[in-house]
Amino acid sequence: MIVMKFGGSSVESVEAIGRVAAIVASSLPQKPLIVVSAIGKTTDQLLRMAEQAVAGYREEYTEALRQLRSSHLAVAPRLVHWKVKEH
């Protein structure tokens, strides 16, 4: 078994996620355990949003949440029918 952790810039776009998928596919004989954390810059955005919420800046964190949701939803449909390219 091998543990593989990906996050940040390694999962920031469809192309980057494709590279991760290819790496994982090439490691299948090792029975990988995959750990995926937040897409690039998401953790920083979540921290800013939490600070805004604590400070009572409802409009700001609500808009930031809308943008974060929108960016994730823009990537998701592109991955649904995506296939790993054989190397």
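## R78 and its partner

R78 is partly exposed, with a relative accessibility of 47%. Keep in mind that this is a predicted model, so everything here is read off computed coordinates. The side chain of R78 meets that of E15 in a salt bridge, at 3.3 Å from N to O. R78 sits in helix α3 and E15 in helix α1, so the pair ties together parts that lie 63 residues apart in sequence. What about E15: how accessible is its side of the pair? E15 has a relative accessibility of 46%, so E15 counts as partly exposed too.

In general, side chains of opposite charge can pair when their charged atoms come close.

## The other salt bridge

The structure holds two salt bridges. Besides the R78 and E15 pair, there's one between the side chains of E63 and R66, at 2.6 Å from N to O. Here both partners belong to helix α3, and they are three residues apart, or about one turn of the helix.

Are E63 and R66 buried or partly exposed? E63 comes in at 32% relative accessibility, which makes it partly exposed. R66 is partly exposed as well, at 46%.

## How α1 and α3 cross

Now for the helices themselves. Two packed helices are described by the angle between their axes and the distance between the axes. Helix α1 covers residues 14–26 and helix α3 covers residues 58–80, and their axes come within 10 Å. At what angle do they cross? Roughly 45 degrees, so α1 and α3 are oblique to each other. The crossing of α1 past α3 is right-handed.

These are also the two helices that the R78 and E15 salt bridge ties together.

## A nonpolar patch on the surface

Over on the surface, which residues make up the nonpolar patch? M1, V3, L33 and V35 do, and the patch measures about 420 Å². One of them, M1, belongs to the segment before β1, the strand that spans residues 2–8. M1 has a relative accessible area of 78%, and anything over 50% counts as exposed, so M1 is exposed.

## E51, far from S27

Last stop: E51, in helix α2, which runs over residues 42–55. With a relative accessible area of 55%, E51 is exposed. How far apart are E51 and S27 in space? From C-alpha to C-alpha they are 40 Å apart, with their positions 24 residues apart in sequence.

How values were computed:
Residues are numbered from 1 along each chain as its sequence is written. This is a predicted model: local features need pLDDT of at least 70, side-chain atom pairs count only at pLDDT 80 or more; totals for chains, interfaces and linings use all residues. Side-chain values use heavy atoms; hydrogens and water are left out. Patches are made of residues with over 30% relative accessible area and no salt bridge: like charges are joined within 9 Å, nonpolar side chains (Val, Leu, Ile, Met, Phe, Trp, Tyr) within 5 Å. Accessible areas come from the Shrake-Rupley method with a 1.4 Å probe; for residues, only the protein chains shown count as cover. A salt bridge is a side-chain nitrogen of Lys or Arg within 4 Å of a carboxyl oxygen of Asp or Glu. Helices (H or I, at least four residues) and strands (E, at least two) are DSSP runs, numbered from the N terminus. Buried means under 20% relative accessible area, exposed over 50%, partly exposed in between (1.4 Å probe, protein chains only). Axes are lines fitted to C-alpha atoms, for helices over the stretch in contact, and angles run from 0 to 180 degrees between N-to-C directions. Angles under 35 degrees count as roughly parallel, over 145 as roughly antiparallel, 65 to 115 as roughly perpendicular and the rest as oblique. A crossing is left-handed if the near helix is turned anticlockwise from the far one by less than a right angle, and right-handed if clockwise.
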